[in-house]
Amino acid sequence: MNDSITPARCRSCGSDRMAVFLDLGETPLADRMPSAAQLAEPEPRFPLKVAFCEDCSLVQITETVDPELLFCDDYPYFSSFSDTLLEHSRANVEELIAARGLGPGNLVVELASNDGYLLQYYQQAGIPVLGIDPAEGPARKAIEKGIPTEIAFFGIELAGRLANTGRAADVIHANNVLAHVADTNGFVAGIARLLKDDGVAVIEHPYVRDLIEHNEFDTIYHEHLCYFSVLALDRLFRRHSLYLQDIRRLPIHGGSLRLYVGKRDQPSERVRQLLDEERRDGMDELAYYQAFSDRVTQLCADLRALLSRLKGEGASIAAYGAAAKGSTLINVAGIGPDLVDFVVDRNVHKQGRYMPGQHLPILAPEELLRRRPDYTLLLPWNFADEILAQQAAYRKAGGRFIIPVPEPTVV
Ligand SMILES: [Zn+2]
């Protein structure tokens, strides 16, 4: 039982008109993968509830876990481990350099710069860069590669300090971080402070429309505080005199938005169109979100039934990808050692550890070929193409993958 009553206030507008439409129970932190020695220690669990703000339309979880606990220094995520992400970043950088004529006189800042996976492409083109990231492991890696990086949380305070030393950004990148910061308004105010008057902030994060319409409930975890619609974003940015100038929908991470945000209120046709479509489909009303909970319950029941049936037929089952979304999926659906023998992951920092909550051991991907499980549950289904291609040998040898979302499918 969790008896702490958090009077939920909206992270964006401060309203208390918050309606919870999904309760995923109490789950462990999705990125905290215990080592063998830590298995005996109690694992912290926190409520995972999703609410809709009836004033500004922002979808958000109600619980804020202390960032020091979430993004501790052994945080095992290194961006450069994904080929898809690197290619996505390189293309984004090349396009911006060309479109804005960037050169040695400009400055590009990335918030949550990780190990420098994106800034490296600017640096290779001779453009000054600055990374900002509170996670010490990946940030040190970036510094070793020669990418200047501040190891700190970004907000209005840090932005002010940088601006006072004469720094102003022509481009600010913020990929998959806006939805993760506890002080949403402080983060956006910081962007406004650091950005040049004619600069652009290029911001990516998952799109709540894709989450709802494709049953992507496993993208909900404690690190991921907000799930944005364009309507909610428009209100958030305007509060800080920033404006949506253009938007693209991207397939990455199960459906994302790339926002182009600046200081002039000049929305493109695409921005107007997305706002109109959201209003038309009722995304600023609670009813749009209410059927989601039943679909999540059904998906989890279907997935468990499929795995139990295969197991009953004598099949062996592994899982691929010790990502945060995998942790939500196995903990909410209740997929433990009775159904899945082990998980494999390319990230050497995760190998030898265990999945949160269910404590499935994490091994190297080579174990798929060595142990030949009959089925492998693909947890990071957003990288399905990349992973299925990498695992061609396993599939050729008869191994099958199970893709859990939007509905359990064997391929
Ligand atoms: Zn609100």
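**View 1. Pairing of Gln60 with strand 9 in the predicted model.** Gln60 has Cys226 as its bridge partner in strand 9; the coordinates come from a predicted model. Strand 3 (residues 59-61) and strand 9 run antiparallel and are joined by two bridges. Both belong to an open sheet of four strands, ordered 1-2-3-9, in which the pairing is antiparallel. The edges of this sheet are strand 1 (18-28) and strand 9 (226-227); each has a single partner strand, so one side of each has no neighbour in the sheet.

**View 2. The seven-stranded sheet.** An open sheet of seven strands follows the order 6-5-4-7-8-11-10, with mixed pairing. Its edge strands, each paired on one side only, are strand 6 (149-150) and strand 10 (243-250). Strand 7 (residues 169-175) runs parallel to strand 8 (residues 195-206), and six bridges join the two. One of the residues to locate here is Val171, whose bridge partner in strand 8 is Val200.

**View 3. Helices packed on the seven-stranded sheet.** Strand 7 and strand 8 are both touched by helix 6 (residues 184-194), which packs on the sheet and also touches strand 4 (108-111). The direction of helix 6 makes about 145° with that of strand 8. Helix 8 (residues 230-238) also packs on the sheet, where it touches strand 10 and strand 11 (256-262). Between the directions of helix 8 and strand 10 the angle is about 150°.

**View 4. The buried face of helix 4.** Pro138, Ala139 and Ala142 are buried in helix 4 (residues 136-144). Viewed down the helix axis, the buried residues of helix 4 lie within an arc of 100°, so they line one face of the helix. These buried residues pack against strand 5 (129-132) and strand 6. Gly146, just after helix 4, has a positive phi of about 90°.

**View 5. The crossing of helix 5 and helix 6.** Two packed helices are described by the angle between their axes and the distance between the axes. For helix 5 (residues 156-164) and helix 6, the axes come within 7 Å and cross at roughly 15°. Angles under 35 degrees count as roughly parallel, so helix 5 is roughly parallel to helix 6. The crossing of helix 5 and helix 6 is right-handed. On the helix 5 side, the contact involves Ile156, Leu158, Ala159, Gly160, Leu162 and Ala163. Facing them in helix 6 are Gly186, Ala189, Gly190, Arg193 and Leu194.

Conventions:
Residues are numbered from 1 along each chain as its sequence is written. This is a predicted model: local features need pLDDT of at least 70, side-chain atom pairs count only at pLDDT 80 or more; totals for chains, interfaces and linings use all residues. Two strands pair if DSSP finds at least two bridges between them. Two residues are in contact if their C-beta atoms, placed from the backbone, lie within 7 Å. Axes are lines fitted to C-alpha atoms, for helices over the stretch in contact, and angles run from 0 to 180 degrees between N-to-C directions. A residue is buried if 20 or more other C-beta atoms lie within 10 Å of its own, exposed if 12 or fewer, and partly exposed in between; C-beta atoms are placed from the backbone. The arc is that of the directions from the helix axis to the C-beta atoms. Angles under 35 degrees count as roughly parallel, over 145 as roughly antiparallel, 65 to 115 as roughly perpendicular and the rest as oblique. A crossing is left-handed if the near helix is turned anticlockwise from the far one by less than a right angle, and right-handed if clockwise.
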